[in-house]
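Colleague: I've got a model open and I'd like to learn how to read it residue by residue. Can you walk me through it?

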Amino acid sequence: MKTEFEREPGHIYKTVKDSQTEQVQILLNEHMNGFKRLFGGKLMEWIDIVAAVVARRHSNHNVTTVSVDRLHFQASAHVNDTVILVGRMTYVGKTSMEVRVDTFIEDLSGKRKRINCAYLVLVALDENEKPIEVPRLLPQTEEELQEWQAGKKRRALRKQRDQEQF
């Protein structure tokens, strides 16, 4: 009996580390909202870009964002803060990929505090902008396996919401 992660001939496999991406920003006045905090729309833009890079690296194709499943702001960021965005693949279907992007503030000693967590779903596109099959994902750590299992649940919930138009 085959397991979910047993390699099958004819399929390409990648690990989470193969596509993990990190982006660094120093916050400037132009990134702030009227309350002198990081504008949420700017952070959403950066998150979408990081997720797209992760998905492109995993699929080796252009991608499009289908949904932002969860975007949770946990703390604010201010001018001159160093912001780190870390994106990694959490789950893949046939053509779709779920990417988690964590956003941190890094202090001058290098200590990080998470200020945001987001899950995005992207689809790989062929040269005609049609969905194309993506490599399978091989979780290698317990954390990656837990994220995969949670991704399966989130996918089922997304499908249920779509069916119920909720």
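Colleague: Let's start with Gln 25: what is it in contact with, leaving aside its neighbours within four places in sequence?

Modeller: Bear in mind that this is a predicted model. To read contacts, skip the close sequence neighbours and see what is left. For Gln 25, that leaves Trp 46, Asp 81, Thr 82 and Val 83. Gln 25 itself is found in strand S2.

Colleague: Does Gln 25 count as buried or exposed?

Modeller: The cut-off for buried is under 20% relative accessible area. Gln 25 comes in at 18%, so it counts as buried.

Colleague: Where is His 31 found, and which residues does it touch?

Modeller: His 31 is in the loop between strand S2 (21–26) and helix H1 (40–59). With residues up to four places away left out, His 31 touches Ile 26, Arg 37, Leu 38, Phe 39, Lys 42 and Trp 46. Trp 46 is also on the contact list of Gln 25. Although His 31 is in a loop, it is buried, with a relative accessible area of 7%.

Colleague: How far apart are the C-alpha atoms of His 31 and Gln 20?

Modeller: They are separated by 25 Å, with the two residues 11 apart along the chain.

Colleague: Next, Asp 102. Is it buried or exposed?

Modeller: Buried, with a relative accessible area of 2%. Asp 102 is found in strand S5 (residues 96–106). For a charged side chain, look for polar partners.

Colleague: Which side chains make a polar contact with the side chain of Asp 102?

Modeller: One is that of Arg 88, at 3.1 Å, and another is that of Arg 100, at 2.9 Å. Beyond four places in sequence, Asp 102 touches Ile 84, Leu 85, Val 86, Arg 88, Arg 114, Asn 116 and Cys 117.

Colleague: And helices? What should the 23 residues of helix H2 span?

Modeller: Work it out from the rise per residue, then check the ends. At 1.5 Å a residue, H2 (residues 142–164) should span 33 Å, and its end C-alpha atoms are 33 Å apart, so the two agree.

Colleague: Which residues of H2 are buried, and what do they pack against?

Modeller: Glu 144, Glu 147, Trp 148, Gly 151, Arg 154 and Arg 158 are buried. The buried residues of H2 pack against strands S3 (62–73), S4 (82–92), S5, S6 (112–125) and S7 (136–137).

Colleague: What follows H2?

Modeller: Gln 165, whose phi is positive, near 50°.

Note on methods. Residues numbered from 1 in each chain as written. Predicted model: local features only at pLDDT ≥ 70, side-chain atom pairs only at ≥ 80, totals over all residues. Heavy atoms only, no water. Helix = DSSP H or I, 4+ residues; strand = E, 2+ residues; numbered from the N terminus. Buried < 20%, exposed > 50% of the residue type's maximum accessible area, 1.4 Å probe, protein only. Polar contact = N/O pair within 3.5 Å; in protein donor to acceptor, adjacent residues only side chain to side chain. Contact = heavy atoms within 4.5 Å. Expected span 1.5 Å × (residues − 1).
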